[in-house]
Amino acid sequence: MTATSHAPRVAVVGAAGWAGSRHARAFAAAGAKVTVLVEKDERGLALAQELGARLVPSTAELHPEHLDLVVVALPTTMQPVICADLLNRGFRVLTEKPVAADAEGAAVLAAASGVNERLMVGYTLHHHPAAALVSQWIRNKSVIAVSVRSVAHKQNVHSWRADPKEGGVAVVNGIHAIELVSSWFDGDPKLLASSASSSLYGSPVPEHVVCALEFPEGVVFTMQSYWSPWREPQGLNQGDWSLTVDVLTSEGRMLWSNDSLRVWERDGGQNEKTFDPSDLFLLQAEAALKFCRGGTPAVTFAQALRATEISDAVRADALSRAEGMVSP
Ligand SMILES: NC(=O)c1ccc[n+]([C@@H]2O[C@H](COP(=O)([O-])OP(=O)(O)OC[C@H]3O[C@@H](n4cnc5c(N)ncnc54)[C@H](O)[C@@H]3O)[C@@H](O)[C@H]2O)c1
């Protein structure tokens with residue numbers, strides 16, 4: 001595959017799913033030609049007709065000379081093997097986050113050809129206009145603490161999300177914040193505390209996770225992540241995901257809450273900026289089209305792996321605390 005001037009040709013794997021259908025429509029809206037959908041479910045048919053794409057049942061039917069990018073949006077545990085195979089066959093790939101449900105699962109990808117150059121990891125938060133402003137603001141500040149609340153609305157916790165191998169809410173949702181916050185600080189964070197519960201839906205996976213970590217430079221990162229049966233009044237992804245990132249520094253405080261950003265400066269100054277609701281999948285598709293013309297990935301495999309390693313530590317700690325609890 002070489003950089004070309006025609007509309008980039010894109011295939012979407014897992015195209016009928018929640019994320020896959022958003023990717024497929026977002027790439028079409030961003031000017032790509034969505035030529036192939038890979039989907040086992042018959043819901044893929046209507047989407048293929050809508051987009052003028054061919055529907056195939058397996059990635060074996062994709063050919064590198066006919067595609068500029070393959071987007072993978074499958075249950076997490078399925079993604080590493082499929083992405084590794086696509087990379088080894090010479091494709092450029094955008095994979096949904098996380099790169100794997102755990103670091104062990106990511107090993108197959110780490111060994112794939114071109115993993116650092118031809119794989120972009122779909123951490124959509126990087127494409128929100130507030131993310132760049134926060135990243136810039138905290139540079140050269142004495143950060144004391146970052147506190148995140150991340151709540152995804154789900155009617156049920158079922159299908160692959162309820163499979164313990166997928167890791168539960170910290171791996172599926174909280175990892176967005178783990179990845180973004182860890183991109184601001186160096187080194188391996190130390191886990192200070194964690195707690196997990198499955199009492200909201202009664203599924204076999206952690207549905208509510210709280211953790212506290214400390215980066216080597218002393219920044220404390222606390223996170224609460226849960227799936228909620230209740231929709232929040234505001235949120236990203238058309239209201240499905242409510243995210244608050246509160247950054248406390250010696251020089252001021254910045255609060256990113258969904259589509260608004262507020263700053264308090266030490267001299268008493270205050271500022272608020274409100275953004276139009278962002279279609280994160282569209283913004284990410286636009287960035288991915290630059291990547292597919294040869295640009296560097298917005299989120300690399302190495303950065304995504306770091307988030308997976310941190311979430312592994314949170315999961316293991318929460319599990320050991322739960323096992324260590326003595327029933328009354
Ligand atoms: N960035 C975000 O905000 C966001 C939000 C939700 C999900 N995700 C990620 O997207 C991925 C998928 O999640 P989802 O909620 O869309 O799941 P989903 O269950 O809605 O969709 C998965 C799709 O994959 C299809 N599929 C399963 N096996 C297949 C196979 N072998 N070949 C082809 N198709 C197959 C299923 O039929 C289904 O349509 C996960 O990795 C998840 O973490 C990201």
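Start with the shell around the ligand: by class, 10 of its residues are nonpolar, eight are polar and five are charged. Keep in mind as you click around that this is a predicted model. Now pick out Gly14, Gly17, Trp18, Ala19 and Glu96, which come nearest among the 23 residues around the ligand. Then color helix α1, residues 18–29. This helix gives the shell its largest share, three residues.

Next, zoom out and color by domain. Select 9–125 plus 282–298 for domain 1, and 128–279 plus 312–322 for domain 2. Where does the ligand sit relative to the two domains? Both of them give residues to its shell, so the ligand lies between them.

While both domains are colored, drop a pseudo-atom at each C-alpha centre: the two centres lie 25 Å apart. For the contacts between the domains, you're looking for 13 residues of domain 1 against 15 of domain 2. On the domain 1 side, the touching residues break down into nine nonpolar, two polar and two charged.

Now go to helix α3, residues 79–88. How many of its 10 residues are buried? Seven are, so call this helix mostly covered. Show them as sticks: Gln79, Pro80, Ile82, Cys83, Ala84, Leu86 and Leu87. To see what they pack against, bring up the strands β1 (9–13), β4 (69–72), β5 (93–96) and β6 (119–122), along with helix α4. Just past the helix, click on Gly90, which follows α3 and has a positive phi, near 100°.

From there, hop over to one of those packing partners, helix α4, at residues 103–110. Select its buried residues, Gly105, Ala106 and Leu109. Why do they end up on the same side of α4? Look down the axis: they cover an arc of only 95° around it, which puts them on one and the same side. The general rule helps here: an α-helix has 3.6 residues a turn, so residues three or four places apart point the same way.

Last stop: β1, another of the elements that the buried residues of α3 pack against. This strand is mostly covered too, with four of its five residues buried. Add strand β2, residues 33–38, and turn on the backbone hydrogen bonds: β1 and β2 pair in the parallel sense, over five bridges. Which residue of β2 is the bridge partner of Val12? Select Leu37 and you have the pair.

Key:
Residues numbered from 1 in each chain as written. Predicted model: local features only at pLDDT ≥ 70, side-chain atom pairs only at ≥ 80, totals over all residues. Domains from an automatic or database assignment. Contact = placed C-beta atoms within 7 Å. Nonpolar A, V, L, I, M, F, W, Y, C, P; charged D, E, K, R; others polar. Near = placed C-beta within 6 Å. Helix = DSSP H or I, 4+ residues; strand = E, 2+ residues; numbered from the N terminus. Buried ≥ 20, exposed ≤ 12 C-beta atoms within 10 Å, placed from the backbone. Arc of directions from axis to C-beta. Pairing = 2+ DSSP bridges.
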